[in-house]
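Colleague: I would like a close look at one part of this model, namely its salt bridges. Please take the individual pairs in turn and say where their partners lie.

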Amino acid sequence: MKSFLSFLAASLLAGAAAAAPLPSLQVSDTSAQAQAGVPVTVGHVFAKGDVKVGDYFAAAYKGVSIPVQADVKARHADGSVRHALISTVLPQLAGGETASVQLSTVPWAGPGGGARPDALLASGFSALVRLNIGGVTYSADAAQLLASKPYTSWLSGPLVNEWQVAGPVTANGVAHPHLAVRFAIRHYPLAGAGQFGATRVDVTVENNWAYEPDPKNVTYDAEILVNNQAVYQKAALTHYHHARWRKLFWAGAEPKVHVKHDIAYLLGTRALPNYDRTVMPSQTALAKMKTDWEAADSGPMAMPLVNKYMPSTGGRPDIGLQHAWAALYILSMDARARQVTNGLGDLAGSWPVHYRDRNTDQVVSIVDYPYVRDQRIGSDSYNPVTKKHEDMPRCTSTEAGACATPYTPDTAHQPSFAYLPYLLTGDTYYLDELHFWANWNLVTMNPYYRSLSKGLVKGNQVRGQAWSLRTLGHAAYITPDAHPMKPYFNQVLQHNLDFYNTTFAGGATNQLGFIDNTATSYAVAYDGPTGPNTGVAPWMDDFFTSAVGHLHEMGFAGAEPILTWKARFPIGRMMAGGYCWVDGAVYALMVRPSATSAYFSSFAEAYQATMRNNDGSPMVNSTGARYLDQPCGSQAQADWRTQADKDAKVWRTPWLAGEMTGYSASSEGYPSNMQPALAMAAATGIPDAREAWNRFASRSVKPNYSERPQFAIVPR
């Protein structure tokens, strides 16, 4: 107690000193009843330079200094804090009250180390997982593991400690070959009114071992007990292979609060894209999201709202730098959006993408296993040095349903499930999820296509490259500096940026700035007026531009050359002579006259080749007027399209002058897909960059982003 009182006195004195202001956190009671000793821990990202080396955090609650604990996890290159977990215990919070916790920095080094779990264990704390598999009960006991095994301290200080430990489930001393449990025990000694404070019990059950023979689904009855009280039961749960699930419980007073981060500050850190703050999330959409979520199965191995067959085509809310529900959360900080965003992060564990190496307890490294793959394809997984195949065992069981999973992941339509939840909570379950997905995008590729341990994602569709780079960048950016996988993800990301910079930014494979077949055979794969395999998908290419733009904003210097080169493609489609910007977001753009020809050297050539009928003839409506003769953006051009629709018996509202083609009114249309690319391009400073954005912003028909704002990104 003496050490805590010393910390408290020092903290209050530090808070009283001259402080540099940081953003505030808005804490709202969600219980409608008064609470005392309310524990709060959030993840918080900080702009470069805001919390310098030697700075510490202070906090004021209702204008009065309160103790605060900061566990710094990642720093910017200049040593300033990038990401930290901020913890405090609020003295009281009235029912329904919203109060501000004002953060600031002070020139103070902060408290010393934290506590061991001995006192908590001596109080009688216990957390037990029981899995009944075919009449045999397997179990894992957190208290026993903490007392007998090395643990990891995730939070360490006077206000809160979190101890993490993992182990197999065992029956009669025999470990199950596939199932393991991970506990994260977070203890606030001075929270609530009880003698031993409040303890959060974070339980994860995994079926994830990478090289364990005969992987398969396991069906069991699950039970979780905390302090000898059953807190969760689930009968006949089928746990899919290479998947995991998570549950949270509290021993002691559970805080009933919702914390809102400062939206403007959060976006200003550049850890997230610059979502348009003029977009007002729809209250109707937020209410429906909550209703849909709670009406669906959101238990272990479920996946509400998201398409379970990820390769499905078409616009949908889960595609983007962040999915639509996360974008709603970012722009509103609404508790309903938080519930869904974090819930999807939890249930991301349901997909069969989780491969943990027993030797390291981390994801399977393509550096340790350069020939690793999640399935066997001929001899491509054979390592000539070790003379062993490195592909992971497949599920080959003949038992009914032993290998079946309702989820099919891919890279081309992959949501960002875990980055935002980890950013704002600091929970390691989400960090692990981020690692699993970022690494699965590598191990699911043919080892030779990814250049073995380099991890190049160039062998995917262009959109698959985009989302793989996004997730890889998130892992490299936010993984704690002391984490063993931090250098790994940084190295793989750098290999990829080096490839794109050398191949495109330094090699100029085409003059227009699109990703072509130099990277992947899937790029110039569209058929059109000039023949088969002569076109690219601009919307897909725009995903790539937005992804490398996001990496550049996060501070990865290696992203700047490829972004600057890529920016010419969306900018040219808005500004180039001979190309009408109204058609800047066409579904397919012809980039060469034949599959064996060189690429066009100008946007005018590409436009002339694209805006024709499939037989190559000019586009003419029933009045005999040619489309290419209409002035760009004019009413005459709009009238031509209206007449062409009537000729084709397509009934829609008349076209307006300056209305872009490609479903301009849709929040998931091709112009919306283009918007983040133009926003990122606008910051490059290359010729016509801002002018291209201004022209796009002045288009006559725009989407209502209030329900699905995942593409509502604007320049900084």
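**Salt bridges in the predicted model**

Modeller: In this predicted model, R130 and E223 form a salt bridge whose closest N and O atoms are 3.6 Å apart. R130 belongs to strand β8 (residues 127-133) and E223 to strand β14 (residues 218-226), so this pair ties together parts that are 93 residues apart in sequence. With a relative accessibility of 33%, R130 counts as partly exposed.

A second pair consists of R186 and E162, whose side chains meet in a salt bridge at 2.6 Å, N to O. Here R186 lies in strand β12 (residues 174-188) and E162 in strand β11 (residues 161-171), so the contact ties together parts that are 24 residues apart in sequence. Both R186 and E162 are buried.

A third pair is D481 with K486, where the side chains meet in a salt bridge of 3.6 Å, N to O. The two partners fall into separate accessibility classes: D481, at 38% relative accessibility, counts as partly exposed, whereas K486, at 9%, counts as buried because the limit for that class is under 20%.

Beyond individual pairs, salt bridges that share partners join E162, R186, R200, D202, R246, D346 and D427 into one network. The buried pair R186 and E162 thus belongs to this network. With a cut-off within 4 Å between a side-chain nitrogen of Lys or Arg and a carboxyl oxygen of Asp or Glu, the count comes to 33 salt bridges.

How values were computed: Residues are numbered from 1 along each chain as its sequence is written. This is a predicted model: local features need pLDDT of at least 70, side-chain atom pairs count only at pLDDT 80 or more; totals for chains, interfaces and linings use all residues. Side-chain values use heavy atoms; hydrogens and water are left out. Helices (H or I, at least four residues) and strands (E, at least two) are DSSP runs, numbered from the N terminus. Buried means under 20% relative accessible area, exposed over 50%, partly exposed in between (1.4 Å probe, protein chains only).
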